[in-house]
Amino acid sequence: MSTIQSRRRLIVVILLCVAVGGAVVRHYAERGTTTRDIATLLMVLWVPIIGNVIAWLIGKLPRRAPPPEPVTFDALGAFTPHLRADITLRPPALPIHDVPLAAGEYRCALVIDNEGFSARWFVPQGEALERGKAHSLDIEFLKPDLAKPRFVQGVDFRVLVGDSFIADGRVLQPR
């Protein structure tokens, strides 16, 4: 037991003794006297400690295991395309952001009606995606068994990144 824990235990014991002493004095004091009022006050000093004791008891209860970590693309490993789609990037809200998307991996949600499906695509090295022009890309779903039935040939979808729709797309070929 650490020094702080032993001091806390000592404080709890002292306040408990003060409260018990106050209860004894209050029991034998006559009604309406100052002695009885002070004894009542001594009993009330115990109230804040009760909260600490309850918190300590709750801390001793066994806790449930944390929920499993959600599946991410990092756990999937290599890129496996699930569909080919035409994607047309929308113009940005700020003109300063009107630049092509550089090479690299992009993660998003593909939205059909009000359903979103986590997905990613890659822009190959040496290429860039210009805004307002359709680009044919391979796309991988995080959970393909849920997404594939909705993404059939010719279906239109929107691309959501954060809280903004950045592009529109159309399925060319499911894989």
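L16 lies in helix 1, which covers residues 3-28. This is a predicted model, and helix 1 is a handy place to start looking around.

**Helix 1 and its surface**

With a relative accessible area of 38%, L16 is partly exposed. L16 also belongs to a nonpolar surface patch, together with V20, V24 and Y28. Taken together, these residues offer about 410 Å² of accessible area.

Next along the chain comes C17, also found in helix 1. C17 counts as exposed, because its relative accessibility is 51% and the cut-off for exposed is over 50%. If you want a feel for the span of the model, look from C17 to P67: their C-alpha atoms are 44 Å apart, with the two positions 50 residues apart along the chain.

**The largest pocket**

Helix 1 turns up again here. The largest pocket holds about 470 Å³ of space and has twelve lining residues. Nearest its centre you'll find Q5, R8, R9, V12 and W56. Two elements give two or more residues to this lining, namely helix 1 and helix 3 (47-60). Helix 1 gives the most, with seven residues.

**Strands around strand 6**

Now for the strands. Strand 6 (residues 164-174) runs antiparallel to strand 1 (residues 83-89), and seven bridges join the two. One position to check is L89, whose bridge partner in strand 6 is A167.

Strand 6 is also joined to strand 5 (residues 156-161), by six bridges and again in an antiparallel arrangement. Here F157 has G169 as its bridge partner in strand 6. Strands 5 and 6 make a hairpin with two residues between them. G162 sits in the turn, with a positive phi of about 65°.

The hairpin strands have a side-chain link too. R170 and D156 meet in a salt bridge, at 2.6 Å from N to O. R170 is in strand 6 and D156 in strand 5, so this pair ties together parts that are 14 residues apart in sequence. Both ends count as partly exposed: R170 has a relative accessible area of 43%, and D156 comes in at 44%.

**Salt bridges and a network**

How many salt bridges does a search of the whole structure find? The search turns up eight. Here are three of them, with their closest N to O separations.

| Pair | N to O separation |
|---|---|
| E105 and R120 | 3.5 Å |
| E140 and R120 | 2.5 Å |
| R170 and D156 | 2.6 Å |

Let's take R120 and its partners. E105 forms a salt bridge with R120. That pair links distant parts of the chain, with E105 in strand 2 (residues 104-112) and R120 in strand 3 (residues 115-123), 15 residues apart. E140 forms a salt bridge with R120 as well. Since E140 lies in strand 4 (residues 134-141) and R120 in strand 3, the pair ties together parts that are 20 residues apart in sequence.

Are R120 and E140 buried or exposed? R120 is buried, at 4% relative accessible area, and E140 is buried too, at 3%. Both values fall under the 20% limit for buried. E105, on the other hand, counts as partly exposed, with a relative accessibility of 33%.

Which residues do salt bridges with shared partners join into one network? The members are E105, R107, R120 and E140.

Key: Residues numbered from 1 in each chain as written. Predicted model: local features only at pLDDT ≥ 70, side-chain atom pairs only at ≥ 80, totals over all residues. Heavy atoms only, no water. Patch = residues over 30% accessible without salt bridge, like charges linked within 9 Å, V, L, I, M, F, W, Y side chains within 5 Å. Areas by Shrake-Rupley, 256 points an atom, 1.4 Å probe, with all protein chains shown as cover. Salt bridge = Lys/Arg side-chain N within 4 Å of Asp/Glu carboxyl O. Helix = DSSP H or I, 4+ residues; strand = E, 2+ residues; numbered from the N terminus. Buried < 20%, exposed > 50% of the residue type's maximum accessible area, 1.4 Å probe, protein only. Pairing = 2+ DSSP bridges. 1 Å grid on protein atoms, 1.4 Å probe; cavity = no way out; pocket = protein on both sides within 12 Å on 5 of 7 lines; lining within 4 Å. Points joined across faces, edges and corners; volume = space filled by probe spheres on them.
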